Amino acid sequence: MSAEVIERAKEHFGRLVEQQLARVVRLKQAPDWLDFSGVEPLIVGIIGGDGIGPQIAKEARWLLETLLADEAASGKVELRDVEGLTIERRAEVGKAIPDEVLEDIKKCHVTLKGPTTTPRKGDPWPNIESANVAMRKELDLFANVRPVRIPAEGIDWVFFRENTEGAYALGPDGIDVTEDLAVDFCAVTSQGTERLIRLAFDYAKKNEIPKVTLVTKANVVKTTDGKFLDIGYAIAKEYPDIECDDWYIDIMTAKLVDPKRRADFRVMALPNLYGDILTDEAAEFQGGVGTAGSANIGKVYSMFEAIHGSAPRMVKEGRAQFADPSSMIRAGAMLLRHIGIADLADKLEMALDVCGQYEKRLVMTGRDTGCTGREFAEYIMETMQDKTLAERWGDYVKAVA
Ligand code: IPM
Ligand code: MG
């Protein structure tokens with residue numbers, strides 16, 4: 001019995017090692033950054049998702065459609081709806097992303113995606129892999145870039161979360177060795193770590209940010225986190241003008257709450273799972289996960305999304321129209337910057353700050369005690385198009401300085 005159990009576990013591990021070594025080969029051959037400048041039309045896919053996803057995606061789509069009207073008319077940009085990334089369809093075909101949907105997604109250069117439901121043990125849905133995680137792997141979206149900005153408190157954080165490996169690489173591939181023993185796997189590669197950390201340093205360099213902070217638990221998780229840290233410091237040597245320090249995830253989580261210290265952090269690079277957790281905490285200071293957008297960046301494809309889930313309870317209780325679209329609109333701003341329309345992205349972000357953090361002429365409460373998502377999107381649009389936007393934003397920064 002026990003020899004059989006061990007044999008089965010060895011085989012399981014052997015298969016995973018084979019898969020991961022094959023991934024290293026693919027990483028070594030991966031294409032370099034796709035240059036968007038010659039691409040016309042640039043196709044922007046809009047994916048509704050589940051729960052409140054279609055509702056908040058609709059508001060963000062409306063803003064993008066309005067802002068990109070000239071680019072669409074001249075054939076530079078095309079907005080395209082991608083249907084079928086729903087939990088019902090995924091359950092029907094038993095796949096994290098139905099084949100035809102993946103094909104449609106790959107025809108888009110960039111996508112804006114609403115949250116998708118992630119089934120877990122005990123749900124009415126089959127326990128398929130998260131659509132998010134699958135899409136990040138399929139499209140090789142290796143960097144999850146999550147900014148949190150609170151000018152009122154001097155907070156200007158950008159998290160570079162590794163997005164395709166670590167604890168997520170083999171998330172669905174753990175093994176129940178016996179009834180009593182469960183084992184999961186965490187896989188980290190040199191190539192995967194290097195490209196993520198390099199992107200963080202390049203961002204810091206481009207934006208004249210003097211410091212990059214590596215976040216791990218390398219004192220305990222010695223092999224994979226140890227590798228992340230070693231590679232981080234090796235890359236730091238190539239950027240002599242940028243200071244590099246490192247913190248363990250536990251104390252980092254505490255320091256983000258420390259008002260005397262937290263504004264000192266600027267760019268953080270971290271493995272997948274720590275990045276998942278720390279960015280929810282960070283977003284909470286900005287007004288909650290509903291206000292935070294995120295960019296999933298790959299060298300060929302990119303996908304922009306909210307950092308939160310699909311809030312099925314809001315839909316069940318008939319409150320979907322009161323869901324805050326700010327997260328998706330922030331993701332939309334990141335998308336605009338990514339495709340080279342930085343001036344509109346800047347204005348949209350200023351309007352989000354002014355409306356959500358300062359003037360608050362309309363407030364979202366998630367229910368009928370506040371405004372609807374459409375009303376809030378219109379408020380953002382009006383603010384963005386107001387000639388005095390820069391002054392209003394300046395007032396905000398002055399008022400809180
Ligand atoms: C996120 C989400 C996802 C993740 C879930 C939905 C799988 O929490 O984007 O942070 O864990 O990455
Ligand atoms: Mg998360």
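A residue is taken to be near a molecule when one of its heavy atoms lies within 4 Å of it. The structure is a predicted model, in which local features need pLDDT of at least 70, side-chain atom pairs count only at pLDDT 80 or more, and totals for chains, interfaces and linings use all residues. Residues are numbered from 1 along each chain as its sequence is written, chains are lettered from A and ligands numbered from 1 in the order in which they are written, and side-chain values use heavy atoms, with hydrogens and water left out.

**View 1. The shell of residues around ligand 1.** Thr118, Ser130, Asn132, Val133, Arg136, Arg146, Arg161, Tyr168 and Asp276 surround ligand 1. Four of these residues are charged, three polar and two nonpolar (Ala, Val, Leu, Ile, Met, Phe, Trp, Tyr, Cys and Pro count as nonpolar, Asp, Glu, Lys and Arg as charged, and the others, Gly among them, as polar). Helix H6 (residues 131-138) contributes the most to the shell, with three residues; helices (H or I, at least four residues) and strands (E, at least two) are DSSP runs numbered from the N terminus. Domain 1 (31-141 + 298-401) and domain 2 (145-292) each supply at least three residues of the shell, the bounds coming from an automatic or database domain assignment.

**View 2. Polar contacts to ligand 1.** A polar contact here is a pair of N or O atoms within 3.5 Å. Oxygen atoms of ligand 1 lie 2.6 Å from a side-chain N or O atom of tyrosine 168, 2.8 Å from a polar side-chain atom of arginine 161 and 2.8 Å from one of aspartate 276. Of the 320 Å² of accessible area that ligand 1 has on its own, the protein covers 80% (Shrake-Rupley method, 1.4 Å probe).

**View 3. The largest cavity.** The whole structure holds one cavity of 30 Å³ or more, a cavity being a set of points, on a 1 Å grid over the protein atoms alone, where a 1.4 Å probe fits but cannot get out. The volume of the largest cavity, the space filled by probe spheres set on the points, is about 30 Å³. Its lining, made of residues with an atom within 4 Å of a point, consists of Glu162, Glu165, Gly166, Val188, Thr193, Phe228, Pro271 and Asn272.

**View 4. Backbone geometry in two loops.** Most residues other than glycine have a negative phi, and most peptide bonds are trans. The peptide bond from glutamate 40 to proline 41 is cis, with omega near -5 degrees, and proline 41 sits in the loop between helix H1 (2-29) and strand E1 (42-47). Glutamate 208 has a positive phi, near 50 degrees, and belongs to the loop between helix H7 (190-206) and strand E8 (211-216).

Key:
A polar contact is a pair of N or O atoms within 3.5 Å; within protein, one must be able to donate a hydrogen and the other to accept it, and residues adjacent in sequence count only if both atoms are side-chain atoms. On a 1 Å grid over the protein atoms alone, a cavity is a set of points where a 1.4 Å probe fits but cannot get out, and a pocket is an open set with protein on both sides within 12 Å along at least five of seven lines; lining residues have an atom within 4 Å of a point.
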